[in-house]
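Student: Could you take me through this one and show me how each label is earned?

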Amino acid sequence: MAEFLQTEAFKFAGEQGEQRVFEAVKAAFQDREALGWWRYPLVSETTVREPDILVVDPELGVIVIEVKSLPLSDLAGVSGYRWQLNRPYFGKTEINPYEQAKAQLQVIMRTLRGRPGLDRVPGRVIVATPLITRDEWDDAPFNTLIGDTPLLHGDQLTPARLMKALERTPLVAQGQPLDEAQWAALQRAFGTSGNIPKPKEVPVVAAPQSRSALVQAVRAAERPLDLQQERIAKTVPPGPQRIRGLAGSGKTVLLAQKAANMHLKHPDWDIALVFFSRSLYDQITGQVDHWLRLHSGGDTRLADAKHMLRILHAWGSRDQPGFYRVLADHAGIRPLTVAETPYGYQAAKNLIYCAHDLLHKAEEGQASLEFFDAILIDEGQDLVTEAPELRYAERQAFYWLAHRALRPVPAEPTLFDVDAPGPALKRLIWAYDEAQSLDSLMIPNTRTLYGDSWQDVFGPGATYKGGIGKSEVMRVSYRTPGPILVAAHALGMGLLRAGGMLSGPTRKEDWNRLGYDVQGRFNSKEPVTLHRPAVNSPHPLQALTGEPLVTFESHATREAEVAALVRHIQRDLREGLAPSRQILVVAVGRWAVDVQGAAAGALRRAGIAYYVPAASGVNRQGDNKEPNRFWHDGAVTVTTVHRAKGNEADVVYVLGLDQVGLDEQDLAVRNQLFTAMSRSRGWLHLSGAGMAGTPFEQEVRSVLASGDTLRFMPHVPRRRTDDEDLYT
């Protein structure tokens with residue numbers, strides 16, 4: 001069954017012909033195994049703009065369709081591939097649609113070279129003229145000059161005629177129909193899954209079951225095409241959009257790709273990609289640069305785009321512009337410093353306080369905050385607060401600041417839209433996982449952010465015209481292996497605790513959205529069973545080793561706990577893992593800094609270099625001279641969970657579970673544990689000191705013994721996370 005993506009809404013009158021051809025192509029391919037896009041994001045100096053219609057098919061290969069919605073009366077003559085016009089078409093009196101589409105195909109074919117099995121993919125180009133019939137073309141007064149352009153006329157837009165025209169179109173790139181493996185590889189080549197930059201390879205030790213060998217096997221495994229990821233990454237909504245995703249579902253990667261595609265499609269837009277954790281800066285800038293290069297054929301880099309596409313920490317500092325500071329400077333209002341905020345070390349609340357202050361001062365001084373055409377927010381769960389004094393007119397202040405910072409999307413009159421105009425839309429796109437909230441338990445859904453004014457922000461309906469959703473919920477986790485994610489959810493929500501669950505969904509459909517199958521009812525007195533199927537956690541490591549991916553040790557003392565940590569890391573290093581980026585130590589709980597210090601000291605005494613994020617060098621207890629740095633070559637990163645959020649490693653050690661046990665009813669501490677556990681993309685080891693015989697130790701052991709299936713009595717949680725948004 002074919003799948004087609006419309007990357008933007010049809011808006012302009014000139015796109016009516018493209019819409020007609022696109023719908024005809026969808027109908028012609030509907031019973032075939034094919035993928036298609038209107039305006040696939042591929043914009044380079046040679047192609048100028050993305051293909052009007054791109055289709056990939058296992059038999060026909062790659063097809064580029066260039067649509068020219070010109071009536072015959074606009075053509076003065078055709079010579080070879082050149083068309084002379086009676087009046088300018090986008091400022092030109094001569095066009096060459098075939099060569100334009102051929103150049104686009106050649107860029108695509110260059111990206112396929114070097115990929116296994118894709119060196120002989122067939123490729124063809126055709127020009128569609130939806131306003132000209134075949135007879136009109138044949139009877140044209142200039143028919144003696146008609147060239148060799150393969151054409152798809154307006155009366156050939158039935159499925160049978162369209163397919164016949166494509167089959168008769170000569171190949172530009174020679175090749176043969178694809179077998180099953182080649183077809184899968186071709187789909188990956190056009191999707192996110194086949195183009196995510198992989199971590200740097202490390203030497204593999206000889207033992208086939210060594211951890212380094214297993215990591216390399218995981219990296220070599222190919223992900224299947226995920227159409228939801230493609231829909232999120234490659235579409236440009238004409239208004240706001242919410243993206244809710246599990247840990248490891250790829251939210252940051254997709255936002256980076258989406259921002260890059262927006263810039264390539266609309267280089268005149270001012271775009272901001274905003275995030276909360278400074279330790280994510282290098283990761284996000286690297287991702288955006290990667291997708292810009294990929295979708296421009298190497299022509300565009302972040303250095304070329306940075307004046308229009310800005311990667312901004314939510315706050316910023318004197319030496320590095322951030323979202324808040326940029327807007328304050330734009331409005332001519334002095335930004336507040338950390339010393340002027342009232343919430344001490346609560347960074348999120350201080351930032352929201354600044355956003356509230358800026359909104360108030362801008363309104364008081366009648367200063368405009370409009371600066372951007374699109375804003376994308378990562379880590380959206382960290383930018384909300386329950387504090388009533390920080391709400392701005394019943395809205396979340398940071399999000400309302402972002403809303404006010406956006407220019408309205410122009411309401412273009414079109415031939416297709418005869419409805420009464422709705423509210424002025426603004427492109428605010430935010431992604432979040434409420435399970436990773438560390439400073440607030442608010443869920444940043446539509447109602448939370450905008451209160452009663454949500455309709456003024458979103459307009460009616462669950463989708464925009466063309467099918468782009470106002471809300472996306474991602475249930476598949478690629479980074480975190482299934483056993484780890486199940487254990488993280490169970491401990492983070494307290495599903496198996498003796499006193500009943502503390503937080504989480506209470507409806508079957510909401511657990512389904514998280515990727516779980518449910519047996520039983522939450523409103524009954526009978527047990528409920530949750531099972532996570534492998535299809536929603538397709539990480540290959542579980543199938544490659546019989547070693548458990550989640551382990552737990554309870555030690556008598558902290559000294560014994562960190563001594564065991566040293567032994568485990570020494571084993572990892574012997575088995576070929578690199579200390580930096582492959583091994584991560586995270587301390588959790590109220591006294592996490594003390595646990596972090598004990599772990600760092602034990603590593604130093606054992607001759608293993610450690611790195612505390614933001615420090616200016618290794619084996620230092622954090623002088624905060626490099627606030628964007630999280631890793632340091634040759635050293636194991638030892639951190640608290642606030643710094644770890646957004647980063648990942650092949651082996652993660654979570655220390656201090658006894659501290660979680662002391663505050664086991666504290667939802668924020670439970671979220672800390674979930675966030676720390678979900679940093680792993682391979683193995684996870686949990687440990688604590690002095691936990692023997694405690695209820696929390698028993699809870700941890702029960703969770704790990706449950707595997708991928710949890711059975712518990714339903715209970716009304718203190719925090720319900722049912723997805724009651726307006727667009728689910």
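Tutor: Here is how the labels for some helices and strands come about. This is a predicted model, where local features need pLDDT of at least 70, side-chain atom pairs count only at pLDDT 80 or more, and totals for chains, interfaces and linings use all residues. Residues are numbered from 1 along each chain as its sequence is written, and side-chain values use heavy atoms, with hydrogens and water left out.

Student: What makes helix 8 oblique to helix 9?

Tutor: The axes of helix 8 (residues 251–265) and helix 9 (residues 281–294) come within 8 Å and cross at roughly 45 degrees. Angles under 35 degrees count as roughly parallel, over 145 as roughly antiparallel, 65 to 115 as roughly perpendicular and the rest as oblique. That crossing angle therefore makes helix 8 oblique to helix 9. The crossing is also right-handed.

Student: Which residues of helix 8 and helix 9 meet?

Tutor: Contact means heavy atoms within 4.5 Å. Helix 8 brings Thr 252, Val 253, Ala 256, Gln 257, Ala 260, His 263 and Leu 264, and these meet Gln 283, Ile 284, Gln 287, Val 288, Trp 291 and Leu 292 of helix 9. By class, the contact has 8 nonpolar, 5 polar and no charged residues.

Student: Why is strand 25 called largely enclosed?

Tutor: Buried means under 20% relative accessible area, exposed over 50%, partly exposed in between (1.4 Å probe, protein chains only). In strand 25 (residues 636–640), 5 of the 5 residues are buried, so the rest of the structure largely encloses it. Val 636, Val 638 and Thr 640 are buried on one side, Thr 637 and Thr 639 on the other.

Student: How do you know that strand 25 pairs with strand 23 and strand 24?

Tutor: Two strands pair if DSSP finds at least two bridges between them. Strand 23 (residues 583–587) has 4 bridges to strand 25, in the parallel sense, with Leu 584 opposite Thr 637. Strand 24 (residues 610–611) is joined to strand 25 by 2 bridges, also running parallel; there, Tyr 611 has Thr 637 as its bridge partner.

Student: What makes strand 22 and strand 24 edge strands?

Tutor: The open sheet has 6 strands in the order 22-27-26-23-25-24, with parallel pairing. Strand 22 (550–555) and strand 24 each pair on one side only.

Student: How do you know that helix 11 is mostly covered?

Tutor: In helix 11 (residues 323–331), 7 of its 9 residues are buried: Phe 323, Tyr 324, Arg 325, Val 326, Leu 327, Ala 328 and Ala 331. Among the elements they pack against are strand 12 (271–275) and helix 12 (347–364).

How values were computed:
Axes fitted to C-alpha atoms, helices over the stretch in contact; angles between N-to-C directions. Left-handed = near helix turned anticlockwise from the far one by under 90°. Nonpolar A, V, L, I, M, F, W, Y, C, P; charged D, E, K, R; others polar.
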